[in-house]
Amino acid sequence: RSSSQGNKRPAQTQKPAKRPAAKKAPAKDPVSYRGLKAFICLALAVVALIGCFTSEGIFIGFFRRFAMGLIGKGFYVLPVTLLVAALQIILVRGKPIGARVACTLLLTVMAGALIHLFGCTTTFEWSGKLLGELYTAGTIPGSEGSGGVLGGAFAEVFRHLFNQVGAGGVLGIASPFLRGVAGG
């Protein structure tokens, strides 16, 4: 044997270099933040539930007035929707939850709008003061109360577009749709 033959190695077939698997982007909503968000929703659900029965206490009174100014009588649905939102945040894993939680909370606006349409005896004039009047009327108990700024605005716009019965139909159809989106 010659020295050149001893140093030769058999030719090796080279496999193409594998690219490292693409790493998934980090979740935009880490689990630790989900726990915090769920805790906030649960705490607000408790505050809203207490606010359904009393307005005593600085924070409870402020939260009740503010929420009723925004969603009117839909405030009485708020504890349930906040509890459902907290459960969605905790239980839904691996899927985006922002739209689900938003649709769940929009059910309170739809409830306020429906109550405004069929339960509010106050008439509102289209002017620059409409939102302020809706906010103020949202905090009033009884049939003079409105659906608040959000619910009342939806109700008034739809009432002018469709009439009272048509607006009720549109809002009635929109509410289960929101629940369907929220439920996944």
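Here is a short walk through this predicted model, one selection at a time.

**Whole chain**

Start with the protein chain in cartoon. You'll find eight helices and zero strands, so-called α-α-α-α-α-α-α-α when read along the sequence. Switch on a surface and the protein chain exposes about 12000 Å², with carbon and sulfur atoms supplying 67% of that area. Of the 184 residues, 36% count as buried. If you plot a contact map, look away from the diagonal: among contacts with a separation of 6 or more, 65% join residues 24 or more positions apart.

**The largest nonpolar core**

Next, which residues have the most contacts inside the largest nonpolar core? Select Cys41, Ala48, Phe63, Phe75, Leu78, Leu82 and Ile89 as sticks. The core they belong to has 21 residues. Color by element to see where the core comes from: α2 (31-51), α3 (58-71), α4 and α5 (98-119) each give two or more residues to it. In soluble globular proteins, nonpolar side chains tend to be buried together.

Now center on Ala48. What does Ala48 touch, once its neighbours within four places in sequence are set aside? The contacts are Phe63, Phe75, Leu78, Pro79 and Leu82.

**A second core**

Keep the sticks on and add Cys103, Leu117, Ala155 and Leu178. These are among the 10 residues of another core, which lies apart from the 21-residue one.

**A nonpolar patch on the surface**

Go back to the surface view and pick Leu42, Leu83, Leu87, Ile90 and Leu91. Together they form a nonpolar patch with about 450 Å² of accessible area. Which helix gives the most to the patch? That is α4, residues 78-91, with four residues. Helix α4 is also one of the elements that give two or more residues to the largest core, so keep it highlighted while you flip between the two views.

Zoom in on Leu83, which is found in helix α4. Is Leu83 buried or partly exposed? Leu83 counts as partly exposed because its relative accessible area is 39%, and buried would require under 20%.

**The loop before the last stop**

Finish at Asn163, in the loop between α7 (148-162) and α8 (164-183). Check the backbone torsions here: phi of Asn163 is near 100°, a positive value in a residue other than glycine. With a relative accessibility of 44%, Asn163 counts as partly exposed.

How values were computed
Residues are numbered from 1 along each chain as its sequence is written. This is a predicted model: local features need pLDDT of at least 70, side-chain atom pairs count only at pLDDT 80 or more; totals for chains, interfaces and linings use all residues. Side-chain values use heavy atoms; hydrogens and water are left out. Buried means under 20% relative accessible area, exposed over 50%, partly exposed in between (1.4 Å probe, protein chains only). Contact means heavy atoms within 4.5 Å. Accessible areas come from the Shrake-Rupley method with a 1.4 Å probe; for residues, only the protein chains shown count as cover. Patches are made of residues with over 30% relative accessible area and no salt bridge: like charges are joined within 9 Å, nonpolar side chains (Val, Leu, Ile, Met, Phe, Trp, Tyr) within 5 Å. A salt bridge is a side-chain nitrogen of Lys or Arg within 4 Å of a carboxyl oxygen of Asp or Glu. A nonpolar core is a set of buried Ala, Val, Leu, Ile, Met, Phe, Trp, Tyr and Cys residues joined through side-chain atoms within 4.5 Å.
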